[in-house]
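Grab a pencil and work through these exercises with the structure open beside you. Try each task before you read its solution.

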Amino acid sequence: MMVFLRRRAPVLIVVVLPTVLALLYYLLLASGQYESEAAFVVKDSRPSTRSAASGGGGMMGGGVMGMAMAGGGGLAEGFAVNTYMKSHDAVDALQKRLNLVAMYRHADTDILSRLFYADPTPERLLWYYQNHVDVVFHEDTGVTSLDVRAFRPDEAKKIAEELLKLGEERINEFNEQVAQNTIKVADVEVSAAENRVREIQARMTAFRQKSGDIDPSKSSVVGISLIGQLQTELAQADTQLTQMLRNLAPSSPQVQTLKLRINALDTQIKDQQMHVHEKGGVSVNMAEYDQLMLEREFAQSAYVSSATQLETARAAALQQQVYVVRVVQPNLPGMPTYPHTFLMVLAVLVGSSLTFMIGRLLITGMREHAI
């Protein structure tokens, strides 16, 4: 018996012993892990841009990407969400919301399976987390599967549910950023056009205060019309005076009254002419006023145009919304599905056997070269 054991010692130590230890561990010590599964797809509301080529030859030749675009939409955003779920940002968020460390450090969990450190570094926690969470994007369908393992069924479901919420929140951040970038330029143009309108309106107010005239174009027309009316009345009075002097003496009370009226009309005409041409003259005021009116018209047109572009940008931002659609909700597992005892023991057996054979070949080769 001792001779047999001595001859078989390498096989027993390298192959049999690790296999037996693995079998004992997975059968007697290893803590069961519950797996919660979910699936989601990232879609967008942008109109499809697929061409006939992508539906024919594109589908046959390079169609994996085309099918993903057709099935899921938001392909880049989908990859971004998948990457985020595997990142330290997601781990930090889960730690703050669920206390991830406590979930993986239950006292009844075997020491080899649980998180060893009570206060792990971010790198160690991320490594452990990535060994218990699988996020896989299926390019043929555009669906992302999410598998979460934990030592309690409810905790596995909580982690999966929270991961989906984190993915939705990250997508909302993408949407907000896209909307801000799309609207920002148009909003700046609207503000600039609005400021221009206000500036010109302030200049018009200053002009009216300086000239004392609300609308020089209307005032000049009214003034000139009034002068013309007074001149007509003066001409009629002169004609009437000429006719009266043919029949009445110049000292007649009617003649004197008519002369007074003629003098009053003449004075009124001169006063009105002075009023029309005061402060630099009608032409100067009209030129400045027309220039201000033209600038205001252009500014108002620019404001209306920029406001329209802003509304168009907002509508475009709404059309670029991306959202997460849950295909499968996280389930509450009823039994542990990990570790796979048979597969793990078989892997140890195969690995130790390969190690033994490689070592034996190396030793045999060294002996042959030594001789």
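**Exercise 1: Partners in a sheet.** Which residue in E3 is the bridge partner of Ala39?

*Before you start.* You're looking at a predicted model, where local features need pLDDT of at least 70, side-chain atom pairs count only at pLDDT 80 or more, and totals for chains, interfaces and linings use all residues. Residues are numbered from 1 along each chain as its sequence is written, and side-chain values use heavy atoms, with hydrogens and water left out.

*Solution.*
- Step 1. Get the labels straight: helices (H or I, at least four residues) and strands (E, at least two) are DSSP runs, numbered from the N terminus.
- Step 2. Find the pair of strands: E1 and E3 run antiparallel and are joined by 7 bridges. Two strands count as paired if DSSP finds at least two bridges between them.
- Step 3. Look across from Ala39, and you land on Ser145 in E3.

**Exercise 2: Build the whole sheet.** In what order do the 4 strands of the open sheet come?

*Solution.*
- Step 1. Start with E2 (residues 133-138) and E3 (residues 143-150), which pair in the antiparallel sense over 6 bridges. In this pairing Val135 has Leu146 as its partner, and Val133 has Val148.
- Step 2. Check how the chain gets from E2 to E3: the two form a hairpin with 4 residues between them, and Gly142 in the turn has a positive phi of about 80°.
- Step 3. Now go to the far side of E1 (residues 34-44). E1 pairs with E4 in the antiparallel sense, over 6 bridges, and Lys43 has Tyr323 as its partner in E4.
- Step 4. Put the pieces together: the order is E2-E3-E1-E4, with antiparallel pairing. E2 and E4 (322-328) are the edge strands, since each pairs on one side only.
- Step 5. Add the twist: neighbouring strands are turned by 25° against each other on average, direction ignored. The axes behind that angle are lines fitted to C-alpha atoms, for helices over the stretch in contact, and angles run from 0 to 180 degrees between N-to-C directions.

**Exercise 3: Covered or uncovered?** Which residues of E2 make up its covered face, and which its uncovered one?

*Solution.*
- Step 1. Recall a rule: in a regular strand the side chains alternate between the two faces of the sheet.
- Step 2. Sort the residues of E2: Val133, Val135 and Phe137 are on the covered face, while Asp134, Val136 and His138 are on the uncovered one.
- Step 3. Compare with E1, which is mostly covered, as 8 of its 11 residues are buried. Here buried means under 20% relative accessible area, exposed over 50%, and partly exposed in between (1.4 Å probe, protein chains only).
- Step 4. Try one residue of E1: Glu35 has 21% relative accessibility, so Glu35 counts as partly exposed. Glu35 and Val148 are 113 residues apart in sequence, yet 5.4 Å apart in space, C-alpha to C-alpha.

**Exercise 4: Two helices meet.** At roughly what angle do the axes of H7 and H9 cross?

*Solution.*
- Step 1. Locate them: H7 covers residues 88-98 and H9 covers residues 122-130.
- Step 2. Read the geometry: their axes come within 10 Å and cross at roughly 95°. The two helices are therefore roughly perpendicular to each other (angles under 35 degrees count as roughly parallel, over 145 as roughly antiparallel, 65 to 115 as roughly perpendicular and the rest as oblique).
- Step 3. List who touches whom: His88, Ala90, Val91, Leu94 and Gln95 in H7 meet Leu125, Leu126 and Tyr129 in H9. Contact means heavy atoms within 4.5 Å.
- Step 4. Turn to H9 itself, where Leu125, Leu126, Tyr128 and Tyr129 are buried. They sit on the same side of H9, because they cover an arc of only 165° around the axis (the arc of the directions from the helix axis to the C-beta atoms). On the other side of H9, Glu123 and Trp127 are exposed.

**Exercise 5: Odd angles.** Which two residues does a cis peptide bond join?

*Solution.*
- Step 1. Know the background: most residues other than glycine have a negative phi, and most peptide bonds are trans.
- Step 2. Find the cis bond: it joins Tyr338 and Pro339, with omega about 5°. Pro339 lies in the loop between E4 and H14 (341-370).
- Step 3. Look at Asn99 too, a residue other than glycine with a positive phi, near 60°. Asn99 lies in the loop between H7 and H8 (100-103).
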